[in-house]
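Hello,

Here is the structure I promised to pass on. Please open it first, then read my notes below.

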Amino acid sequence: MAVVEHEITDHSRRFRKVTAGDTHIGQLLLRAGKLTEGDIIRIVTEQHQRGTRFGDAAIRLGLVSDLDIQDALARQYQYPYSRPGESALSAALIAAHQPFGVQAEALRALRTQLMLRWFNDRSKVLAVVSPRSGAGSSILAANLAVVFAQLGERTLLIDANLRHPSQHELFGLKPQVGLAGVLAGRGQFKEASELIAPFANLSVIGAGPKVPNPQELLGRTTFSYVMETAPAAFDVVIVDTPPVLDYADAQLIAARAGGCLIVTRRHKTSVVDVKQAESQLAQTGAILLGTVICE
């Protein structure tokens, strides 16, 4: 009996050593209800015997899944993403729901290119434009906003597609003043901005109520003021726009942003449309940073 008590005491010492600190992966899994103290003793024993990492040992024993480990690591390193059932965010927000997959990695690669080629102390606003509807520009703009927020950049996403807005649906926002209300003088910029949980650095301004004069509203000095002053409070400002070949609004937005990114869809967007979109955007004086092809 004394031997058993000694073994339990010895494992307890190991347990206390392993879980020292609130951010340790074992403690995080324990707090999340994924493991018990008995499970952790088993894992630590396996870890010491095989010389593996805590997470690998836990998975080998079948006590947790790879997703559980990824979730704990995300919490440990303060990497925000949306767990199942935690938010009303659309499943289309791959970067929010599946940040460890191939598609999210492609978004991070695009983020890196944009950081190198555009976003700096002087250039903070980017318009995301498609030649025609159906290319996926709104979804890409939303996912880009998420990955920039995950990087720790203070990020603002503005839905300036007053024709067919979608950001309020993607982020599960309730009806509010939105950009249209601000431009019409019915609300303030700060009132229209909504912080998106669990991303402490992500704010979204929805398009607001349907209006009969979207181009006229976007042509007002109020919109120019919004685009000029937003960078004072944010590191990255991403603006969703209507299709440039369908509406002239996108040219107004790109001109105010100073930089734009064209989004196309494979096997749907024609080369002719891309060339025509580039030509129209060139007239705005905005810098075309590149073209993204969505599947």
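Leaving aside its neighbours within four places in sequence, which residues is Leu156 in contact with? The list is Phe189, Ser193, Ser203, Val204, Ile205, Ala230, Phe234, Val236, Val237 and Ile238. Keep in mind that this is a predicted model.

**The whole chain**

The chain has 295 residues, and 48% of them count as buried. It holds 15 helices and 7 strands. Along the principal axes, the C-alpha atoms fill a box of roughly 85 × 40 × 30 Å. Now take the contacts with a separation of 6 or more. Residues 24 or more positions apart make up 72% of them.

**The cores**

Leu156 belongs to the largest nonpolar core, which has 36 residues. Leu156 is among those with the most contacts inside that core. The others named for this are Ile158, Leu179, Leu218, Val237, Val239 and Ile253. Another core lies apart from it and has 35 residues. Ala95, Val128, Leu157 and Phe171 are among them.

**Ser203, a contact of Leu156**

Ser203 sits in strand β4, residues 202–205. Is Ser203 buried or exposed? Its relative accessibility is 10%, so Ser203 counts as buried. Beyond its neighbours within four places in sequence, Ser203 touches Thr155, Leu156, Leu157, Ser193, Glu194, Leu195 and Phe234.

The loop before this strand has a feature to look at. Pro198 is found in the loop between β3 (193–195) and β4. The peptide bond from Ala197 to Pro198 is cis, with omega near 5°.

**Helices α13 and α14**

Two packed helices are described by the angle between their axes and the distance between the axes. For α13 (residues 221–229) and α14 (residues 249–257), the angle is about 40° and the axes are 9 Å apart. The two helices are therefore oblique to each other. Their crossing is right-handed. On the α13 side, Phe223, Ser224 and Met227 make the contact. On the α14 side, Ile253, Arg256 and Ala257 do so. By class, this contact has 4 nonpolar, 1 polar and 1 charged residues.

Stay with α14. Its buried residues are Asp249, Ala250, Gln251, Ile253, Ala254 and Ala257. What do the buried residues of α14 pack against? The helices are α12 (214–218), α13 and α15 (271–282). The strands are β1 (125–129), β5 (236–240) and β6 (259–265). Ile253 appears in both stories: it is one of the core residues with the most contacts, and it is part of the contact with α13. Right after α14 comes Gly258, whose phi is positive, near 95°.

**Gln280 and His267**

Gln280 is in helix α15. With a relative accessible area of 19%, Gln280 is buried, because the cut-off is under 20%. Setting aside neighbours within four places in sequence, Gln280 is in contact with Val244, Leu245 and Gln251. Gln251 is one of the buried residues of α14. Gln280 and Leu245 are 35 residues apart along the chain, yet their C-alpha atoms are separated by 8.2 Å.

His267 lies in the loop between β6 and α15. His267 is exposed, with a relative accessible area of 81%. Its phi is positive, about 65°, although His267 is not a glycine.

**Helices α7 and α8**

How do the axes of α7 and α8 cross? The axes of α7 (residues 102–117) and α8 come within 10 Å and cross at roughly 75°. That makes α7 roughly perpendicular to α8. From α7, the contact uses Leu107, Arg108, Leu110, Arg111, Leu114 and Met115. From α8, it uses Leu140, Asn143, Leu144, Val147 and Phe148. These residues divide into 8 nonpolar, 1 polar and 2 charged. Look at the spacing along each helix as you go. An α-helix has 3.6 residues a turn, so residues three or four places apart point the same way.

Ser138 is also in α8, which covers residues 137–150. Ser138 is buried, with a relative accessible area of 14%. Leaving out its neighbours within four places in sequence, Ser138 is in contact with Ser166, Gln167, Leu170 and Asp240.

Best wishes

Conventions
Residues are numbered from 1 along each chain as its sequence is written. This is a predicted model: local features need pLDDT of at least 70, side-chain atom pairs count only at pLDDT 80 or more; totals for chains, interfaces and linings use all residues. Side-chain values use heavy atoms; hydrogens and water are left out. Axes are lines fitted to C-alpha atoms, for helices over the stretch in contact, and angles run from 0 to 180 degrees between N-to-C directions. Helices (H or I, at least four residues) and strands (E, at least two) are DSSP runs, numbered from the N terminus. Angles under 35 degrees count as roughly parallel, over 145 as roughly antiparallel, 65 to 115 as roughly perpendicular and the rest as oblique. A crossing is left-handed if the near helix is turned anticlockwise from the far one by less than a right angle, and right-handed if clockwise. Contact means heavy atoms within 4.5 Å. Ala, Val, Leu, Ile, Met, Phe, Trp, Tyr, Cys and Pro count as nonpolar, Asp, Glu, Lys and Arg as charged, and the others, Gly among them, as polar. A nonpolar core is a set of buried Ala, Val, Leu, Ile, Met, Phe, Trp, Tyr and Cys residues joined through side-chain atoms within 4.5 Å. Buried means under 20% relative accessible area, exposed over 50%, partly exposed in between (1.4 Å probe, protein chains only).
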